[in-house]
Amino acid sequence: MAAGLCAVVLMPPAFSGFRTEVGEQRRVALEDGSVAMINTDSSVGVRLAKHQRRITLRRGEAWFQVAKDHARPFVVDAGPVHVRATGTAFSVRRQGGGARVVVTEGTVLAWRDGALVPPLAISAGHEAFIAENAPPPPAAKPSRTDDVLAWRRGEIVLDGGTIASAVEEFNRYNTRKIVLRDPAAGQRTIVGYFLIDQPQQFALAAARMTGNKIVETNGDIVIEHSQ
């Protein structure tokens, strides 16, 4: 499926899970009234039981708009990391040996199996990274949630991160990969708004600001020295 294409799926109670391909996004209406927005290259399992709603994020990232139901907590399991809510909106992304939790509405509780500390409360406008092999941080930090979750509107917002990390982000969404052959250029920082499915526009901007050029090799977009 083309990068940035979003499909709507109505999920019956017996539905056990689904996947998205690279560049695919799905907006899924759950049987309990909740909504899940599933990002690129993700795998999610769903179990809506009598006393609990359980989501398994096996891979990737998803944002959830949770229907209020205090009798059935909504729990997202990302390996040994767990996030619990009753009526709120938040995202979970598996990355780098843990899970990044970003809250856009209400409050969630996040914890790791075996951690000898209370669950971490994360409120709207904040985020936290919960490592698989370490206790949760003492507090959540403020987050630019609209920028972090810009993928829901088909955008990538770069806010001073390195070009190398931006290349990794674009490659999450596109089968046509960006290859960076100038390590020094990869350490430069970059700011800007780009469309997810237009990696060449980002590559051109990165090449110009670092004095490099882009060439195509085997279908990939290569950023390399101009000499």
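In this predicted model, the side chain of E24 makes a polar contact with the side chain of R26, at 2.8 Å. E24 is found in strand β3, which covers residues 24-29. Is E24 buried or exposed? Its relative accessible area is 4%, and since buried means under 20%, E24 counts as buried.

A good next stop is strand β7, made of residues 61-65. This strand is mostly covered, as 4 of its 5 residues are buried. Which strands does β7 pair with? One of them is strand β4 (residues 35-38), joined to β7 by 4 bridges, and the two strands run antiparallel. Within this pairing, Q65 in β7 stands opposite V35. Strand β10 (residues 89-95) also pairs with β7 in the antiparallel sense, here over 5 bridges. A62 has V92 as its bridge partner in β10.

Attention now turns to an open sheet. Seen from one edge to the other, its 7 strands follow the order β2-β5-β6-β8-β9-β12-β13, and their pairing is mixed. What are the edge strands of this sheet? They are β2 (17-19) and β13 (120-123), each of which pairs on one side only. From one strand to the next, the twist averages 20°. Within the sheet, a pair to look at is strand β6 (residues 53-59) with strand β8 (residues 74-78): they pair in the parallel sense, over 4 bridges. Here R54 stands opposite V75 in β8.

The helices offer another kind of packing to explore. Two packed helices are described by the angle between their axes and the distance between the axes. For helix α2 (residues 163-173) and helix α4 (residues 199-210), the angle is about 170° and the axes are 11 Å apart. Angles over 145 degrees count as roughly antiparallel, and α2 and α4 are therefore roughly antiparallel to each other. Which residues make the contact? From α2 come I163, A166, V167 and F170, while α4 contributes P199, F202, A206, M209 and T210. Sorted by character, the residues of this contact are 8 nonpolar and 1 polar, with no charged residue in the set.

Taken together, the pairings described here include both senses: β7 is antiparallel to β4 and to β10, whereas β6 and β8 are parallel. On the helical side, α2 packs against α4 in a roughly antiparallel way.

Note on methods. Residues numbered from 1 in each chain as written. Predicted model: local features only at pLDDT ≥ 70, side-chain atom pairs only at ≥ 80, totals over all residues. Heavy atoms only, no water. Axes fitted to C-alpha atoms, helices over the stretch in contact; angles between N-to-C directions. Parallel < 35°, antiparallel > 145°, perpendicular 65-115°, else oblique. Contact = heavy atoms within 4.5 Å. Nonpolar A, V, L, I, M, F, W, Y, C, P; charged D, E, K, R; others polar. Pairing = 2+ DSSP bridges. Buried < 20%, exposed > 50% of the residue type's maximum accessible area, 1.4 Å probe, protein only. Polar contact = N/O pair within 3.5 Å; in protein donor to acceptor, adjacent residues only side chain to side chain.
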